[in-house]
Amino acid sequence: MADEQLKSEIKELLVEVCFLDISPDEITDDGNLMDDPYNIESFNLLEISVHLEEKYGISFAEEDLSLDLFQSINSIAAYVKGKLAAEQAAS
Amino acid sequence: MEFRSSDAVLRGMLHMPAGDGDRRAAVVICPPFAEEKKCAQRVLVHAARALAQAGFVVLRFDLSGTGESTGDPAAGCPSRWREDIERAIEFVWQATDAHRLGLLGLRLGGTLAAEAATGLQPEWLVLWEPVVNGRRYLQLNVRRSLIKKMLTQGEQFDAKQAAGKQRDGHEDMDFDGHFVSARCQDEISSVDMLGSADAAAQNVFLLGIGPRDTLSREQGGLVEAYDAAGAKVTGAAVREPPFWSLVGLVRGDAAIRETLAWLNAEGGPGDAKPDP
């Protein structure tokens with residue numbers, strides 16, 4: 001999947017799952033999701049991980065959890081892309 | 001009010017309908033567990049009041065070893081909590097004029113309500129985002145706990161060490177201050193609502209609560225399982241933040257409104273709107 005499409009989908013997912021009052025287009029690729037104007041909180045991170053797993057058929061490993069992973073759209077997309085590639089290689 | 005369940009004293013609140021309603025229909029609210037219960041408390045109180053306004057006698061109570069109820073937290077587990085639900089219903093029969101029964105369960109409380117329904121055969125079984133797969137529920141509770149540690153410890157957080165600690169030689173678990181024994185984990189792990197759906201309850205209402213107004217695939221599968229078992233089941237979903245997972249001023253109005261509408265359609269005592 002093209003990077004831009006993946007990022008776009010993740011932005012839509014974030015707006016939906018976190019009930020953000022902004023449009024997906026307003027989320028920058030490198031903005032810190034835990035700062036203004038997104039203010040993602042801890043309970044959001046759990047929901048985000050669950051919905052990413054359901055959407056992409058991946059599994060978050062507990063050992064992978066880090067602030068860096070959830071920092072931005074770029075970091076989340078990189079993780080998802082990596083998981084998809086790993087699972088494709090394994091199959 | 002309080003009543004006994006085995007060696008514990010269970011405490012809670014009995015909401016009586018206002019006015020001159022016949023008070024013959026009761027709903028027992030089966031709460032979620034641990035952090036989810038803490039977060040959902042306000043909504044469950046709101047739901048109880050709304051149901052009472054609609055003409056139901058409503059019992060909210062804390063499961064043994066939780067909240068205001070006594071009992072050893074280490075002894076808490078689904079089989080014990082199912083007994084608590086049975087004692088709660090006996091209390092309602094003894095303390096009120098009610099003889100029609102509804103169970104409303106949120107999350108693990110929904111799972112417990114569904115299991116208890118097999119023996120109790122309630123007229124209404126309302127399942128708010130029930131835990132369908134126990135293993136997955138435990139996994140996500142571990143993840144929730146790790147995320148909290150991650151946010152608290154910041155740069156000092158070591159995911160591998162923290163995750164390993166959860167699994168390695170620690171049979172009992174700590175869900176952010178809520179003790180979960182190895183036995184409790186085993187019982188929760190064996191939860192599989194898709195395999196245990198039955199037609200014990202006369203009317204079943206499965207309500208998905210989350211970012212979408214459609215049921216998840218898993219929830220859709222649960223509706224089908226109940227249907228295949230011969231139950232009269234309705235599935236619905238409301239777009240509402242998962243109030244059992246967040247701390248904030250959430251009222252659960254959409255979930256309450258849908259539930260009241262369904263109860264009214266299925267022969268409940270009346271209808272009412274959530275508190276303004």
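Student: Which residue in strand 4 of chain B stands opposite G12(B)?
Tutor: This is a predicted model, where local features need pLDDT of at least 70, side-chain atom pairs count only at pLDDT 80 or more, and totals for chains, interfaces and linings use all residues. Residues are numbered from 1 along each chain as its sequence is written, while chains are lettered from A and ligands numbered from 1 in the order in which they are written. Strand 2 (residues 8–15) of chain B pairs with strand 4 (residues 57–61) of chain B in the antiparallel sense over 4 bridges (DSSP must find at least two bridges for a pair). Opposite G12(B), in strand 4 of chain B, stands F61(B).

Student: Which strands are the edges of the open sheet in chain B?
Tutor: The sheet has 8 strands with mixed pairing, in the order 1-2-4-3-5-6-9-10 (strands are DSSP runs of E, at least two residues, and helices runs of H or I, at least four, numbered from the N terminus). An edge strand here pairs on one side only, and that fits strand 1 (2–5) and strand 10 (232–239) of chain B.

Student: By how much are neighbouring strands of this sheet turned against each other on average?
Tutor: Axes are lines fitted to C-alpha atoms, for helices over the stretch in contact, and angles run from 0 to 180 degrees between N-to-C directions. For this sheet direction is ignored, and the average turn is 25°.

Student: Why are helix 1 and helix 2 of chain A called oblique?
Tutor: The axes of helix 1 (residues 3–17) and helix 2 (residues 42–56) of chain A come within 10 Å and cross at roughly 130°. Under 35 degrees counts as roughly parallel, over 145 as roughly antiparallel, 65 to 115 as roughly perpendicular, and the rest as oblique. Helix 1 and helix 2 of chain A are therefore oblique.

Student: How many charged residues are on the side of chain A that touches chain B?
Tutor: The contact (C-beta atoms, placed from the backbone, within 7 Å) takes 16 residues from chain A and 18 from chain B. Helix 2 of chain A gives the most to the chain A side, with 7 residues. Ala, Val, Leu, Ile, Met, Phe, Trp, Tyr, Cys and Pro count as nonpolar, Asp, Glu, Lys and Arg as charged, and the others, Gly among them, as polar. The chain A side divides into 8 nonpolar, 3 polar and, for charged, 5.

Student: What is the radius of gyration of chain B?
Tutor: Chain B has 9 helices and 10 strands. For its 276 residues the globule rule gives 19 Å, and chain B comes close to that, so it is as compact as a globular protein of that length. The rule is 2.2 Å times the number of residues to the power 0.38, and the radius is taken over C-alpha atoms. For chain B the radius of gyration is 18 Å.

Technical notes: Contact = placed C-beta atoms within 7 Å.
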